[in-house]
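Visitor: Please show me the structure, and then take me through some of its salt bridges and its packing.

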Amino acid sequence: MDSNIILSVRDLDVKFTLRGQTLHAVRGASLDVYEGESLAIVGESGSGKSVFVKTFMGLLDANGFISGGEILYNGADLTKYRTDRDWLKIRGREIAMVLQDPMTSLNPLKSIGKQIEEAVKLHQGLRGAAAKRAVLEVLQDVGIDDPERRYRQYPHEFSGGMRQRVVIAIAVACRPKILICDEPTTALDVTIQAQILDLIKQLQKKHHLTTIYITHDLGVVANVADRIAVMYAGGIVEVGTCEEVFYDPRHPYTWALLSSLPQLGVKGEPLFSIQGTPPNLFHEVKGDAFAPRNPQALKIDFLLDPPFFEVSPTHKARTWLLDPRAPKVDKPRIIASREGRK
């Protein structure tokens with residue numbers, strides 16, 4: 001992994017106004033993204049993952065706003081960008097996104113070729129025959145056979161997996177430095193999921209991309225991520241290499257997420273599920289946001305939000321269990337049994 005930081009987020013706060021109330025969707029999130037790496041951001045639905053990365057491209061809904069912190073990219077603080085003209089320097093050209101649902105991302109009235117061509121014209125500056133050649137090349141890159149015929153077809157003539165390839169083609173045609181993949185395999189069956197993840201890995205190598213995966217499924221990222229950031233209730237609670245998070249997790253929420261994986265279940269025993277619900281982010285969260293759902297919570301968890309404690313130079317977690325004064329708490333049996341495997 002290259003040690004150059006390509007994007008740095010510091011103490012980011014994002015809020016939404018809804019019917020006179022304020023929702024604190026991202027709460028003091030900090031994260032460094034390294035050039036050339038594959039980073040996965042994982043957490044339950046509603047933990048703030050998509051909102052967090054949308055701020056990198058100025059894609060918040062009209063009622064959303066950044067209320068604090070900074071997003072540093074190429075020496076500029078993206079939180080200061082206000083106009084579409086500012087964002088056009090970043091969107092697509094520097095940071096591109098593969099959205100969750102390819103059917104709603106594509107225009108049903110335009111041919112596939114023309115939709116990819118828009119990105120080629122805007123970001124590569126190509127026109128006419130040169131633009132079409134670039135589109136045919138990117139269609140081949142994403143594994144679509146017979147690109148000449150496919151160029152003229154419409155989204156409804158493609159399967160779900162093929163549409164996802166087209167959406168990826170549009171993002172890659174922009175020639176970005178960072179590619180964000182927001183739940184890129186959600187609506188696809190398991191065999192197609194593996195193909196799409198493999199495709200993104202190939203494109204990352206070919207185009208020297210930095211990739212950020214957003215997912216609630218830890219199983220999906222096991223084979224593609226170099227590092228994992230775990231998000232809960234709008235904050236990042238653990239960051240480490242893939243091996244560290246899978247085989248030596250330290251935050252009770254990461255323990256719970258891993259314990260919930262069906263593939264770690266024990267035959268004949270009921271599957272683990274996390275009790276309770278995430279906190280209501282319309283209200284101020286006191287202490288550790290996960291404390292009410294954490295069977296191993298300490299008294300201090302309900303009073304004070306923990307800082308990050310360093311486990312290794314590449315691994316840190318926000319939990320009072322890592323404080324030297326904390327009592328020793330045993331990890332759940334499923335988690336303890338995985339230690340030392342790698």
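Visitor: Is K121 buried, exposed or partly exposed?
Guide: This is a predicted model, in which local features need pLDDT of at least 70, side-chain atom pairs count only at pLDDT 80 or more, and totals for chains, interfaces and linings use all residues. Residues are numbered from 1 along each chain as its sequence is written, and side-chain values use heavy atoms, with hydrogens and water left out. Buried means under 20% relative accessible area, exposed over 50%, and partly exposed in between (1.4 Å probe, protein chains only). The relative accessibility of K121 is 33%, so K121 counts as partly exposed.

Visitor: With which residue does K121 form a salt bridge?
Guide: A salt bridge is a side-chain nitrogen of Lys or Arg within 4 Å of a carboxyl oxygen of Asp or Glu. The partner lies four residues from K121, about one turn away, and both are in helix α4 (helices are DSSP runs of H or I, at least four residues, and strands runs of E, at least two, numbered from the N terminus). The partner counts as buried, at 6% relative accessibility. The closest N and O atoms are 3.6 Å apart, and the partner is E117.

Visitor: What span should the 13 residues of helix α4 have?
Guide: The expected span is 1.5 Å times one less than the number of residues. Helix α4 covers residues 112–124, and its end C-alpha atoms are 18 Å apart. That agrees with the expected value, 18 Å.

Visitor: How many residues apart in sequence are the parts that R293 and E44 tie together?
Guide: The side chains of R293 and E44 meet in a salt bridge, 3.1 Å from N to O. R293 lies in the loop between α11 and β11, and E44 in the loop between β3 and α1, so the parts tied together are separated in sequence by 249 residues.

Visitor: E238 is buried yet has no salt bridge; which side chain of opposite charge is nearest?
Guide: Lys and Arg count as positive and Asp and Glu as negative, while His and the chain ends are not counted. The E238 side chain makes a polar contact with the side chain of H315 at 2.6 Å (a pair of N or O atoms within 3.5 Å; within protein, one must be able to donate a hydrogen and the other to accept it, and residues adjacent in sequence count only if both atoms are side-chain atoms). The E238 side chain also reaches the backbone nitrogen of R250 at 2.9 Å. The nearest side chain of opposite charge is 6.3 Å away and belongs to R250.
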